[in-house]
Amino acid sequence: ASAAPIGECSELEVLHPNDTVTSRLSEIIEGLPKLRECNFHSCFSLTDEGVIGLAMSCPDLEVFTLTWCDNISDAAIASLVQCRALKKLDLGGNNQLSDAAFAGLSEGCWPKMEILILDELRLLSDAIFVSLARACPSLVEVQLNLTNVTDEAVWTLCQLCPSILKLCISG
């Protein structure tokens with residue numbers, strides 16, 4: 001019941017929900033057309049249904065943080081190709097995500113993306129890092145800590161996105 005009034009806040013631009021709100025996300029997102037930023041850090045009740053509904057209802061989303069959300073899958077991330085206004089995407093800690101999450105990327109599909117955080121996504125292949133570089137020509141910050149990225153993929157990433165100012169690849 002505590003989540004219901006949030007859906008009435010039609011001017012809401014930033015949402016940092018707790019697990020109670022997150023578990024009822026599909027019920028409130030249609031009433032949030034101006035939502036630009038969502039932070040779901042450690043929201044364990046977040047599901048694919050919630051992320052997909054958010055991507056469909058809020059295509060102008062600019063900042064999306066989905067760190068440590070164990071119950072989302074590749075399908076949820078794949079739905080984010082609809083959010084062409086994304087400037088920052090943080091998927092850190094979701095080591096269940098694989099190449100399938102990004103299979104639908106096409107060249108330039110996230111033209112405004114500036115910050116991409118993929119820390120601990122160990123299942124991603126070099127091909128996906130290259131696809132992400134092609135999909136995000138405006139990248140200025142990339143974090144690939146604790147991934148299996150190779151030197152060749154980093155080299156290609158830097159060639160495709162010469163505007164990168166910050167590159168983190170530890171571990």
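The largest cavity in this predicted model is lined by L116, L118, F129, L132, A133, L139, V142, L144 and L157. Helix α5 gives the most to this lining, with three residues. By kind, the lining residues divide into nine nonpolar, no polar and no charged. The space inside comes to about 50 Å³. A search of the whole structure finds one cavity of 30 Å³ or more. The idea behind such a search is simple: rolling a probe the size of a water molecule over the atoms shows where empty space is left.

The sheet comes next. Seven strands form an open sheet, and their order is β1-β2-β3-β4-β5-β6-β7, with parallel pairing. The edges are taken by β1, residues 14–15, and β7, residues 166–168; each has a single partner strand, so one side of each is left without a neighbour in the sheet. At the β1 edge, the partner is β2, residues 37–39, and the two strands pair in the parallel sense over two bridges. In one of these pairings, L15 has C38 of β2 as its bridge partner.

After β2, the chain enters a loop that leads to α3, and S42 is found in this loop. The backbone angle phi of S42 is near 55 degrees, a positive value in a residue other than glycine. To see why that deserves a remark, recall that most residues other than glycine have a negative phi. S42 counts as partly exposed because its relative accessibility is 26%. A second case is E120, which also is not a glycine and has a positive phi of about 70 degrees. E120 is found in the loop between β5, residues 115–117, and α5, residues 126–135.

Helix α3 covers residues 48–57, and its buried residues are D48, G50, V51, G53, L54 and A55. A general rule helps in reading such a list: an α-helix has 3.6 residues a turn, so residues three or four places apart point the same way. The buried residues of α3 pack against α2 (25–28), β2, β3 and α4.

Two of those elements, β3 (63–65) and α4 (74–78), are joined by a loop that holds T67. Is T67 buried or exposed? With 7% relative accessibility, T67 counts as buried, because the cut-off for that class is under 20%. Leaving aside residues up to four places away in sequence, T67 touches F40, H41, S42, D90, G92 and N94. S42, one of these contacts, is the loop residue with the positive phi described above.

The cysteines are the last topic. A disulfide is a covalent bond between the sulfur atoms of two cysteines. How many disulfides does a search of the whole structure find? The search finds zero. C136 is in no disulfide, and the nearest cysteine sulfur, that of C109, is 6.5 Å away. For C161, the closest cysteine sulfur is in C136, at 7.1 Å, which is too far for a bond. The reasoning rests on a cut-off: a pair of cysteine sulfur atoms has to lie within 2.5 Å to be a disulfide. C136 counts as buried because its relative accessibility is 0%. C161 counts as buried because its relative accessibility is 1%.

Conventions
Residues numbered from 1 in each chain as written. Predicted model: local features only at pLDDT ≥ 70, side-chain atom pairs only at ≥ 80, totals over all residues. Heavy atoms only, no water. Pairing = 2+ DSSP bridges. Helix = DSSP H or I, 4+ residues; strand = E, 2+ residues; numbered from the N terminus. Buried < 20%, exposed > 50% of the residue type's maximum accessible area, 1.4 Å probe, protein only. Contact = heavy atoms within 4.5 Å. 1 Å grid on protein atoms, 1.4 Å probe; cavity = no way out; pocket = protein on both sides within 12 Å on 5 of 7 lines; lining within 4 Å. Points joined across faces, edges and corners; volume = space filled by probe spheres on them. Nonpolar A, V, L, I, M, F, W, Y, C, P; charged D, E, K, R; others polar.
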